[in-house]
Amino acid sequence: MIGMESIRAAAVYRHAPGVEWPSVLEHSAPLYIQLSVPPLSSRLHPFATELPPPFVRMNSLKRKRVEAPRIPTLEDVHPYTTWNICVRIYHKFHVERFAVGRKKLNMVLLDEKGKKMAAVIYDDEVDRFETLLVEGRVYYVWRMSAEPIMRNQESKFADSSFLCRFTTQTTISELTHVNEQLIPLYPPFMPFERVWPFAFDNDKYIEVIGMVIYVSSLGFVKDKFYKRNIPVRNIVLLDSSYNMMKIVLWDKYVTDNMIALERCADERAIVIATMLRAKPIDRELHTTDFSRVRFNPDIAAVRELRRRSIMSYPLHEFKGEWKTKDYVINKTGLLAYQDYVK
């Protein structure tokens, strides 16, 4: 058997130009070298710390998973801090001048979970943001501060007791092509069966959705302060659980939707009404100056309501009244329990 020194010498002579092959190797028997290779399982054992030569441990070439930091939502906001948040402008109010040389702009923001939070912009920042912020669009907001709500009116708009404030350090960037699956267009609609238990505990505004089954005739209420007659109409909505709710439309919500109100009962239109004020004693929901009333909007909630075939729910007309389930709706749009019907 030839030693390792001879093997190294053969390798040197073999690769060196002009050098003859050593005679000691020409007349020698064939050279066989046996290497002992450990099994693959031992090399890849998770607790192995060293690998026998000539194997060298190499770092894994598998791509490591990189998780991006979670974008905060309005649930994470707490006062006296600044936040970077992606929100939708759910509601934008008119610019209000509340003192000499002072003005402010109130808004309601909506995050990816459908949570609402009030926001405010003051003075010079109103001129900077008022034209950039459009109701219904989505923005990523940097360095927006948070503070406790000091006015009761602002607490009615949102679910949180905190208020977002746009400061001189705040910057925004509009995000286009953001669908309602990422950030919803509306907060979760309240089922009719939960409206009155909710309204007895607080005075927050309410958002509802339902199919129109009744529209009253046009009426007028005398306004003593402005000395004019305010138009009013009552509509009755039916939700997916076959519960009914009376909505009282006031003033511009009647005049701006005259044609839609005339046709919606026959067409069984689906209505979304937001920022409604509840009157538990009268069991009515009334529109406010901040309300929005939409007829048949093309959103997922409306399509789902139609899919459940609510329009096939039986209604029967008798003696000038509509009767359905446990209620009776007369010509004035008033609801009464079935026990009062003979």
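Of the 342 residues of the protein, 38% count as buried, and the model from which this value is computed is a predicted one. The protein has nine helices and 18 strands. Where contacts join residues at least 6 apart in sequence, 61% of them join residues at least 24 apart.

**Exercise 1. Classify the ring pair of Phe-98 and Tyr-122, and place both residues in the chain.**

Solution. A pair of aromatic rings is described by the distance of the centres and the angle of the planes. The search of the whole structure finds 10 aromatic pairs. For Phe-98 and Tyr-122, the centres of the rings are 6.1 Å apart and the planes stand at 75°, so this pair is edge-to-face, given that planes over 60 degrees apart are classed that way. The next step is to place the residues: Phe-98 belongs to strand β2 (residues 96–99) and Tyr-122 to strand β4 (residues 116–122), so that the pair links distant parts of the chain, 24 residues apart. Phe-98 is partly exposed, its relative accessible area being 37%. Finally, the ring of Phe-98 has a charge over it, since the charged end of Lys-104 sits 5.9 Å from the ring centre.

**Exercise 2. Determine how the rings of Tyr-205 and Phe-290 are arranged, and which cluster they belong to.**

Solution. The ring centres of Tyr-205 and Phe-290 are 6.1 Å apart and their planes are at 50°, so the pair is tilted. Tyr-205 lies in the loop between α6 (192–201) and β8 (206–215), while Phe-290 lies in the loop between β13 (284–286) and β14 (292–295), and the pair therefore ties together parts that are 85 residues apart in sequence. As to accessibility, Tyr-205 counts as buried at 9%, whereas Phe-290 counts as partly exposed at 21%; the cut-off that decides both assignments is 20%. Ring pairs link these two residues with Phe-93 and Phe-157 into a cluster.

**Exercise 3. Work out how the buried and exposed residues of α6 are distributed around the helix.**

Solution. Begin with the buried residues of α6, which include Phe-192, Val-195, Trp-196 and Ala-199. These cover an arc of only 80° around the axis, which means that they are on the same side of α6. On the other side of α6, Glu-193, Arg-194 and Asp-201 are exposed. The last step is to ask what covers the buried residues of α6, and the elements that do so include β8, β10 (228–238), β11 (244–250), β12 (270–279) and β13.

**Exercise 4. Locate the salt bridges of Arg-137, Arg-165 and Arg-233, and state where each partner lies in the chain.**

Solution. The count comes to 15 salt bridges, and three of them are taken in turn.

- Arg-137 and Glu-174 meet through their side chains at 3.5 Å, N to O. Arg-137 lies in the loop between α4 (124–129) and β5 (138–148) and Glu-174 in strand β7 (residues 171–175), so the bridge ties together parts 37 residues apart in sequence. Arg-137 is partly exposed at 40% relative accessibility, and Glu-174 is partly exposed at 37%.
- Arg-165 and Glu-147 form a salt bridge at 3.8 Å, N to O. Arg-165 is in strand β6 (residues 162–166) and Glu-147 in strand β5, so parts 18 residues apart in sequence are tied together. Arg-165 counts as partly exposed at 29%, as does Glu-147 at 22%.
- Glu-262 forms a salt bridge with Arg-233, in which the closest N and O atoms are 3.0 Å apart. Glu-262 lies in helix α8 (residues 258–267) and Arg-233 in strand β10, 29 residues apart. Arg-233 is buried, with a relative accessible area of 5%.

Elsewhere, salt bridges link Glu-180, Asp-298 and Arg-303 in a network.

**Exercise 5. Describe how β6 pairs with β4 and with β5, and in which sense.**

Solution. Taking β4 first, this strand pairs with β6 in the parallel sense over four bridges, and Val-120 stands opposite Arg-165 in β6. Turning to β5, four bridges join this strand to β6, and the two run antiparallel; here Glu-147 stands opposite Leu-163 in β6. The salt bridge of Exercise 4 thus returns in this setting, since Arg-165 lies in strand β6 and Glu-147 in strand β5.

How values were computed: Residues numbered from 1 in each chain as written. Predicted model: local features only at pLDDT ≥ 70, side-chain atom pairs only at ≥ 80, totals over all residues. Heavy atoms only, no water. Phe/Tyr/Trp six-rings, centres within 6.5 Å; stacked < 30°, edge-to-face > 60°. Buried < 20%, exposed > 50% of the residue type's maximum accessible area, 1.4 Å probe, protein only. Lys NZ or Arg CZ within 6 Å of the ring centre and 35° of its normal. Arc of directions from axis to C-beta. Contact = heavy atoms within 4.5 Å. Salt bridge = Lys/Arg side-chain N within 4 Å of Asp/Glu carboxyl O. Pairing = 2+ DSSP bridges.
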